[in-house]
Amino acid sequence: MNIEKAIPIIEPYNPLDKTNIGNSIANELMNHDVETLPVDPFIGAGVYAIFFVGNNEIYKELGEFNRNNNCAIPIYVGKAVPQGARKGGTGSGETQGPALQKRLGDHAKSIKEAEDLDITDFRCRYIVVDDIWIPLAESLMINRFKPIWNSVIDGFGNHDPGSGRKGQVQSPWDMLHPGRPWAKKLPVGPKDQDTLRRLVRYYIETNKLLQNR
């Protein structure tokens, strides 16, 4: 008895699919030159990736991998949108201003203020993007790499909450890397440094890209 094989249906590639657009931006970002922090002034909004390349005991395997592989695994991924985007204006042709350079400058300041981090151990890549695609590109970059400071040790991108946010505690990032003056004023978070270090160790031991170094 002849049994006809099912003919596979191959979905056509759609370059305008939002996932493919996001991936193209992410790939372009990872092909950009690696730079030191802080970066020189420029105008533009977009997405960026920060890389650890040092020998700090906590992240030494990540640093080794990035030194040997031209910064292939970010420790943090983020976005900088035009000021108008916070009011729902994304995609309306807002003046981008120095949003991206300022955001990277803020991150450099946070690293410098941390008592156990050295700004010379960090690099970055960034790309100026049409504002409508910025959130999509950031989301796909985070999903692709699952950077440790976006997931396990979150809080790196936090700003000073001021006096208006009652009940906020120090983020895992500030607990592990104390130093930001405004964070020291907040109550301590629920996880102590030993717990956070164990979480970092688990992340590194289970990261398939790092284990293939």
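Q: On α7, which residues are exposed on the other side, away from the buried ones?
A: Asp194, Arg198 and Tyr202 are exposed there. Exposed means over 50% relative accessible area, buried under 20%, and partly exposed in between, with a 1.4 Å probe and protein chains only. This is a predicted model, where local features need pLDDT of at least 70, side-chain atom pairs count only at pLDDT 80 or more, and totals for chains, interfaces and linings use all residues. Residues are numbered from 1 along each chain as its sequence is written, and side-chain values use heavy atoms, without hydrogens or water.

Q: And which ones in α7 are buried?
A: Leu196, Val200, Tyr203 and Ile204.

Q: Why do they line one face of the helix?
A: Seen down the axis of α7, the buried residues fall within an arc of 95 degrees, so they line one face. The arc is that of the directions from the helix axis to the C-beta atoms. An α-helix has 3.6 residues a turn, so residues three or four places apart point the same way.

Q: What covers them?
A: The cover includes α2 (60–68), α4 (134–145), α5 (172–176) and α8 (208–211).

Q: What happens at the start of α7?
A: A side-chain oxygen of Asp192 comes to within 3.3 Å of the backbone nitrogen of Asp194.

Q: New topic. How many helices and strands does the protein have?
A: Eight helices and four strands. Both are DSSP runs, numbered from the N terminus: helices are H or I with at least four residues, strands E with at least two.

Q: How much of the protein is buried?
A: Of its 213 residues, 45% count as buried.

Key. Contact = heavy atoms within 4.5 Å. Polar contact = N/O pair within 3.5 Å; in protein donor to acceptor, adjacent residues only side chain to side chain.
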